[in-house]
Amino acid sequence: MPPANYYLNYFLEMIDTVVQRYGDILHDDDWSFVNRFKDANEQAQRLLVRLLLRKGPLFLVDTLQYAEVPSIEMALVELETKGLLERNPPVRAFDVIHLLPVAQSKPLFTDGDRNTRKRDLQSCFEPDTEEKPPADWGCRREIIRPAFRDAVRRLNLLYFGNEHQSLTEFVLEDIGMMRFETVPLSPSNRLFSDDREVSMYIHLNDLRAAFHHMTQCRQFDFLPSLAESLLVIHQGELLKSRFAKVANQVAYRLEQLGMVDLAARLFATNDLPPSRERQCRIAFKQHRFNDAQTILEAIFKSPLCADETAFHRRFAPRVYKKTNQPVPQVPILKIKERHETWQQESGTVEEVTCAHIDGAIWRENHLPLGIFGLIFWSVIFADVQGVWHHRFQSAPSDLNEPYFRYRRASLIEDTLNQSHSVWRNRIVTNWNKKKGIQNPFVHWNTLAIEELLSCFDAFSQAQWRGVFAHLLSDIPNHRSGFPDLFVRDENGGRFIEVKGPGDRLRDNQNRWLEVFEQLGIKVEVCMVHFAEKCPTPEG
């Protein structure tokens with residue numbers, strides 16, 4: 001059982017961090033909440049934090065039971081006195097139905113039909129906006145609602161830098177299961193510079209939530225209006241990535257529904273994949289073949305991710321045929337294959353292959369990623385504007401965005417230009433100094449320093465530079481797909497991708513095999529076939 005102030009302490013840390021970094025842009029309501037909360041007694045604080053961590057905003061009082069709050073009633077009185085909570089506030093019929101068991105809500109809102117289900121009642125009353133005290137709906141159980149919901153929402157956003165995390169994620173850290181790198185947290189490198197940016201971020205998230213609600217309900221009557229609301233948002237650098245993700249989701253749905261022109265306008269607001277792919281496809285469907293070719297040429301010259309490269313390879317022949325132009329050729333390398341037939345044994349096909357190949361170790365992505373993570377540690381945890389929000393981050397918030405490498409271009413280039421011996425020393429130093437600290441590329445429990453150094457020493461600085469550059473060009477797609485096995489031998493080392501019966505190479509695996517071939521790193525595909533077991537002789 002956690003200490004009595006376990007959740008409270010984290011909540012207070014959240015408040016103090018936000019005040020320290022964002023005190024100059026907090027609303028009056030934000031300050032009012034902070035001051036009232038800190039003025040409340042400890043028991044009331046514990047209860048309110050528990051409520052804020054749950055999915056609300058309404059709660060039945062008789063369901064509340066927390067070991068660290070001996071008297072729920074006394075805590076409720078304190079919270080109500082401080083203006084931090086409402087008791088029996090006006091609610092909708094839908095809210096009462098949602099809170100009560102169906103056996104209790106049916107008599108209040110139906111004629112007692114035994115076949116009525118809870119979701120039937122909810123569907124029936126969801127459109128009803130009338131609000132009145134619970135007792136007026138016939139509900140005899142006390143309902144409460146924490147106040148200052150908008151202020152708490154802003155404080156959470158300012159602390160986490162997003163709206164999908166919560167304080168409950170800190171449990172593992174507190175009991176010693178996870179350790180985090182010390183990251184720079186100060187007013188100078190915060191995410192939001194003013195209140196306008198906070199309000200715009202929240203507005204964008206509300207539009208995103210409205211879109212997902214439309215998708216769940218399959219009701220898209222207001223989708224064009226939502227799209228127009230997106231089009232007038234001033235993105236700025238802060239909202240660039242977030243806006244692009246929402247805009248592309250909405251635009252793709254518009255395209256599916258036949259509202260192609262509006263979809264094209266939304267896609268044109270950004271270049272986050274798959275925006276350029278969708279713009280190209282729309283231009284092609286509208287017989288604007290020259291426009292489609294222009295987009296393809298931009299993708300061919302500067303692909304933002306592996307998916308764009310794959311799209312160009314597939315779609316370019318169709319477009320260039322229409323414009324009577326030669327298709328830019330991308331050489332496809334032939335990867336060495338070996339075929340082996342072995343007896344079926346227990347274990348995975350990778351384990352079986354390891355048993356037949358001397359010196360083979362099965363680490364897949366973990367080995368090269370671990371080498372990268374240890375060498376580029378200072379790049380990953382660099383002090384970059386707006387990517388560090390709290391002390392429990394294992395990675396910067398922009399790690400999986402195309403802009404990650406651009407924001408750290410000089411740091412990355414400096415690291416790529418260092419010598420093989422400098423890299424090797426950094427692997428050893430960071431292994432010894434940082435072991436156990438969360439890093440998105442280093443899987444401590446599956447790695448050994450001897451294996452890392454054996455793999456690293458097998459290849460040259462130029463070869464590792466090529467591997468690192470490819471990984472950095474599209475981290476979300478390129479952090480997987482490495483060959484399964486590594487083998488160290490007298491000639492250096494080689495990688496082996498293992499495929500069992502009926503298995504085939506995926507796109508990300510093919511990309512890494514091609515990169516290794518281009519860099520002169522020995523790599524092969526081992527196609528494993530299992531021999532039929534010989535029948536046991538009868539005695």
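Helices and strands are taken here as DSSP runs, numbered from the N terminus. On that basis P57 is found in the loop between α3 (42-53) and β1 (59-60). The model is a predicted one, and its backbone offers a good place to start.

The bond between G56 and P57 is a cis peptide bond, with omega about 10°. A second cis peptide bond links P273 to P274, again with omega about 10°. P274 sits in the loop between α13 (260-267) and α14 (275-285). Positive phi values also turn up in loops. R218, in the loop between α10 (195-217) and α11 (223-231), has a phi near 55°, a positive value in a residue other than glycine. H287 has a phi near 60°, likewise positive and likewise in a residue other than glycine; its place is in the loop between α14 and α15 (289-301). These features merit a remark because most residues other than glycine have a negative phi, and most peptide bonds are trans. As for surroundings, R218 counts as exposed at 53% relative accessibility, and H287 is exposed too, with a relative accessible area of 60%.

Turning to the strands, β7 (residues 360-362) pairs with β8 (residues 485-489) in the antiparallel sense, over 3 bridges. Within this pairing, A360 stands opposite V487 of β8. Strand β8 is also joined to β9 (residues 492-499) by 5 bridges, and these two strands run antiparallel. Here R488 has G493 of β9 as its bridge partner. With 2 residues between them, β8 and β9 form a hairpin.

Strand β9 appears again in the environment of helix α26. This helix covers residues 507-519, 13 residues in total, and reaches 19 Å from its first C-alpha to its last, close to the 18 Å expected at 1.5 Å a residue. Its buried residues are N508, Q509, R511, W512, L513, E514, V515 and F516. The cover over these residues includes β9 and β10 (523-531), together with α16 (306-323), α24 (461-473) and α25 (475-478). After α26 comes G520, whose phi is positive, near 75°.

What keeps C526 out of a disulfide? The sulfur of C526 is 10 Å from the closest cysteine sulfur, in C354, and that is too far for a bond, since a disulfide calls for a pair of cysteine sulfur atoms within 2.5 Å. C526 is buried, with a relative accessible area of 0%. The structure as a whole holds 0 disulfides. C217 is likewise in no disulfide, and its nearest cysteine sulfur, that of C124, is 15 Å away. In contrast to the buried C526, C217 counts as partly exposed at 38% relative accessibility.

Charged side chains give a busier picture, with a count of 34 salt bridges. One of them joins E42 and R46, whose closest N and O atoms are 2.9 Å apart. Both residues lie in helix α3, 4 residues apart, about one turn of the helix. E42 counts as partly exposed at 40% relative accessibility, whereas R46 counts as buried at 15%.

Other salt bridges run between helices. The side chains of E255 and R278 meet in one, at 2.8 Å from N to O. E255 belongs to helix α12 (residues 236-256) and R278 to helix α14, so the pair ties together parts that are 23 residues apart in sequence. Both partners are buried: E255 has a relative accessibility of 10%, and R278 has a relative accessible area of 12%.

A further salt bridge brings together the side chains of D457 and R424, at 2.9 Å from N to O. Because D457 lies in helix α23 (residues 449-457) and R424 in helix α22 (residues 420-434), this pair ties together parts that are 33 residues apart in sequence. D457 is partly exposed, with a relative accessible area of 29%, and R424 is partly exposed as well, at 30%. Some salt bridges share partners, and in this way E255, E277, R278, R281 and K285 are joined into one network.

Methods
Residues numbered from 1 in each chain as written. Predicted model: local features only at pLDDT ≥ 70, side-chain atom pairs only at ≥ 80, totals over all residues. Heavy atoms only, no water. Pairing = 2+ DSSP bridges. Buried < 20%, exposed > 50% of the residue type's maximum accessible area, 1.4 Å probe, protein only. Expected span 1.5 Å × (residues − 1). Contact = heavy atoms within 4.5 Å. Salt bridge = Lys/Arg side-chain N within 4 Å of Asp/Glu carboxyl O.
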